[in-house]
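Hello,

Here is the structure you asked about. Please open it next to this email and follow along.

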Amino acid sequence: MKFTQSADATSLRAACYEISMAKDVPDAALLDEVVRRYPQFGSELTEFAILVALDALRECAGAHEVVPEGGDSVSPAVSRAMSRFHNRLHAESLNAAAPAKKPAMGEDVNPFSGLSRQEFRNLAARLDTTTVFVSKLRDREIEPDTMTSGFREYAAAEMNVPVELLNAHLDAMRGSAVVPARFHKADGKPSHGERQTFEEAVRNSGMTEEQRRKFLEL
Amino acid sequence: MAPPLIKKTAQGDLYSRPSSVEAQIDEVAKLSPPELKARLDVTNPKQEGFLRPETLVHLLRQGIATDSMKTFNVVLPVLLKRCEKTLEGKIFNFLPSADKLREDILGQFAELLASDGRGDIPDELDFYECRFNSAFRTFWISCVREVGHSGQFAAVESEEELDELFADEEPLKGISDSLHNDTPETRLRMKQLLQAIETLPKKERDAVVLVHVMGFKEESNDLDEETAATKCNCTGRTIRNRLASAAAKLDRFQEDQ
């Protein structure tokens with residue numbers, strides 16, 4: 001189910017949908033019919049149909065009737081899936097504007113990557129901080145655990161991106177940020193040294209005392 | 001009225017939502033945000049007001065198309081929580097990487113939702129508005145097959161070439177009956193049979209499903225006819241041996257219960 005799959009894998013997936021959408025429990029006639037149209041996938045479709053039939057047996061037996069808990073709380077797995085949703089949604093919106101920028105499947109999306117130099121400066125102004133500090137966010141130079149949820153929500157709102165998307169970027173492994181080369185002068189490329197704490201980054205980015213206080217209270 | 005789906009069947013007919021889904025979509029369109037939230041909080045399918053997953057997919061697609069973050073921020077977690085629960089019942093814990101596999105499938109599904117209208121099958125989500133459970137079953141089984149865990153429901157393989165075995169296949173014949181007669185008794189019987197089938201080696205399990213669930217003949221004199229033997233790339237005798245061995249095991253299993 002990868003989105004970068006070959007045409008063959010896409011055809012196989014389409015054939016699998018045909019089997020499972022046609023009947024709850026695939027029978028010999030259905031499998032034969034689909035295999036006739038996709039003869040190159042005979043063994044794969046047979047294996048798939050057997051697994052579908054087994055799962056149908058399970059449902060028939062009511063073996064796994066489950067009801068999720070209500071309320072707003074979500075598990076870490078659902079939370080991460082939501083991050084992937086927002087990452088993907090953002091990537092697709094960038095793709096719509098610039099198809100050549102399509103990131104590979106699973107690659108983290110950097111919400112700063114689509115910004116021009118002027119937009120980058122405007123963002124710093126909206127955040128009421130300096131471009132140095134925004135660069136640290138962009139290049140993941142700040143220890144994620146030291147950034148408060150208040151700050152993250154504030155930054156996401158000013159950037160007009162879902163907080164899950166910003167979190168996915170800030171929490172990702174360092175060094176994989178997608179940053180346009182135009183931002184890096186020879187002596188200004190992102191370093192790969194130790195990350196700063198949020199407080200260190202606030203204190204060492206040329207912000208005014210008032211700005212520092214505001215950020216540290218978020 | 002929701003716009004019609006655009007995906008077509010192999011016969012060229014348009015897929016369509018069940019009328020109950022169409023009615024629910026119309027009903028939900030009139031709800032205020034707090035009313036929608038209250039409906040989303042109903043998690044039991046048997047409870048009044050429960051929103052079907054097909055309806056949730058429609059709402060999500062609509063939210064994405066209209067860039068309504070409010071909509072998909074309330075609908076997405078509900079749908080993903082349901083999918084998470086489904087996967088807990090499908091991807092068994094005895095797999096060494098079950099948690100990771102479930103999480104990856106959930107993540108891939110979330111990406112599928114976000115890439116509506118794009119990708120290799122742009123109208124793929126039409127399936128999910130039509131018959132969510134069948135479509136999601138396709139999705140997770142395909143994911144499991146891709147990572148090479150499709151044998152997860154079967155025991156470790158061990159098969160010797162034997163002379164033809166003979167066994168009472170009565171336990172196997174009950175599978176088809178149970179499938180087509182949904183009563184509390186057949187459900188219980190199916191549950192027991194299923195536990196037994198999941199302990200079978202993959203080759204025996206495949207033979208049982210092909211013959212007794214899908215209705216393939218064991219073998220045929222017609223060389224053009226697909227049978228369990230041609231599907232498993234073996235002789236009819238081997239299929240009969242596998243069925244006999246499976247029947248004996250199912251019989252023993254049921255006696256032990």
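Start with H3(B) and H4(B). From H3(B), the residues B:Pro53, B:Leu56, B:Leu59, B:Leu60, B:Gln62, B:Gly63 and B:Ile64 make contact with H4(B). Their partners in H4(B) are B:Thr71, B:Phe72, B:Val75, B:Leu76, B:Val78, B:Leu79 and B:Arg82. By class, this contact has 10 nonpolar, 3 polar and 1 charged residues. H3(B) covers residues 53-65, and H4(B) covers residues 69-90. The two helices pack at an angle of about 145 degrees. Their axes are 9 Å apart. The crossing of H3(B) and H4(B) is left-handed.

A caution before going on: this is a predicted model.

Now step back to chain B as a whole. It has 12 helices and 0 strands. Read from the N terminus, every element is therefore an α in the order α-α-α-α-α-α-α-α-α-α-α-α. Chain B has 257 residues, and 40% of them count as buried. Take the contacts in chain B between residues at least 6 apart in sequence: 59% of these join residues at least 24 apart.

Which residues of H5(B) are buried? They are B:Leu101, B:Arg102, B:Glu103, B:Ile105, B:Leu106, B:Gly107, B:Gln108, B:Phe109, B:Ala110, B:Glu111, B:Leu113 and B:Ala114. That is 12 of the 17 residues, so H5(B) is largely enclosed by the rest of the structure. This helix runs over residues 98-114. From its first C-alpha to its last it reaches 24 Å, close to the 24 Å expected at 1.5 Å a residue.

Chain A has a similar case to look at. H8(A) spans residues 163-171, and 7 of its 9 residues are buried, so H8(A) is largely enclosed by the rest of the structure. The buried ones are A:Glu164, A:Leu165, A:Leu166, A:Asn167, A:Ala168, A:His169 and A:Leu170.

Next, the two chains together. In the model, 54 residues of chain A are in contact with 60 residues of chain B. On the chain A side, H1 (7-22), H2 (28-37), H3 (42-60) and H4 (76-97) each supply at least two residues. The largest share, 13 residues, comes from H3(A). The chain A side divides into 32 nonpolar, 8 polar and 14 charged residues.

What does H3(A) meet in H10(B)? A:Ile50, A:Ala53, A:Leu54 and A:Leu57 meet B:Asp206, B:Val209, B:Leu210 and B:Val213. This contact has 7 nonpolar residues, no polar ones and 1 charged. H10(B) covers residues 202-213. The axes of H3(A) and H10(B) come within 10 Å and cross at roughly 75 degrees. H3(A) and H10(B) are therefore roughly perpendicular to each other.

Last, two loop residues to check.

- A:Asp128 has a positive phi of about 60 degrees although it is not a glycine. It lies in the loop between H5 (117-127) and H6 (131-138) of chain A. A:Asp128 has 14 other C-beta atoms within 10 Å, so it is partly exposed.
- B:Asn233 has a positive phi of about 55 degrees, and it is not a glycine either. Its loop joins H11 (228-231) and H12 (236-256) of chain B. Is B:Asn233 buried or exposed? It counts as exposed, because it has 10 C-beta neighbours inside 10 Å and the cut-off for exposed is 12 or fewer.

Best wishes

Methods: Residues are numbered from 1 along each chain as its sequence is written. Chains are lettered from A and ligands numbered from 1 in the order in which they are written. This is a predicted model: local features need pLDDT of at least 70, side-chain atom pairs count only at pLDDT 80 or more; totals for chains, interfaces and linings use all residues. Two residues are in contact if their C-beta atoms, placed from the backbone, lie within 7 Å. Helices (H or I, at least four residues) and strands (E, at least two) are DSSP runs, numbered from the N terminus. Ala, Val, Leu, Ile, Met, Phe, Trp, Tyr, Cys and Pro count as nonpolar, Asp, Glu, Lys and Arg as charged, and the others, Gly among them, as polar. The expected span of a helix is 1.5 Å times one less than its number of residues. A residue is buried if 20 or more other C-beta atoms lie within 10 Å of its own, exposed if 12 or fewer, and partly exposed in between; C-beta atoms are placed from the backbone. Axes are lines fitted to C-alpha atoms, for helices over the stretch in contact, and angles run from 0 to 180 degrees between N-to-C directions. Angles under 35 degrees count as roughly parallel, over 145 as roughly antiparallel, 65 to 115 as roughly perpendicular and the rest as oblique. A crossing is left-handed if the near helix is turned anticlockwise from the far one by less than a right angle, and right-handed if clockwise.
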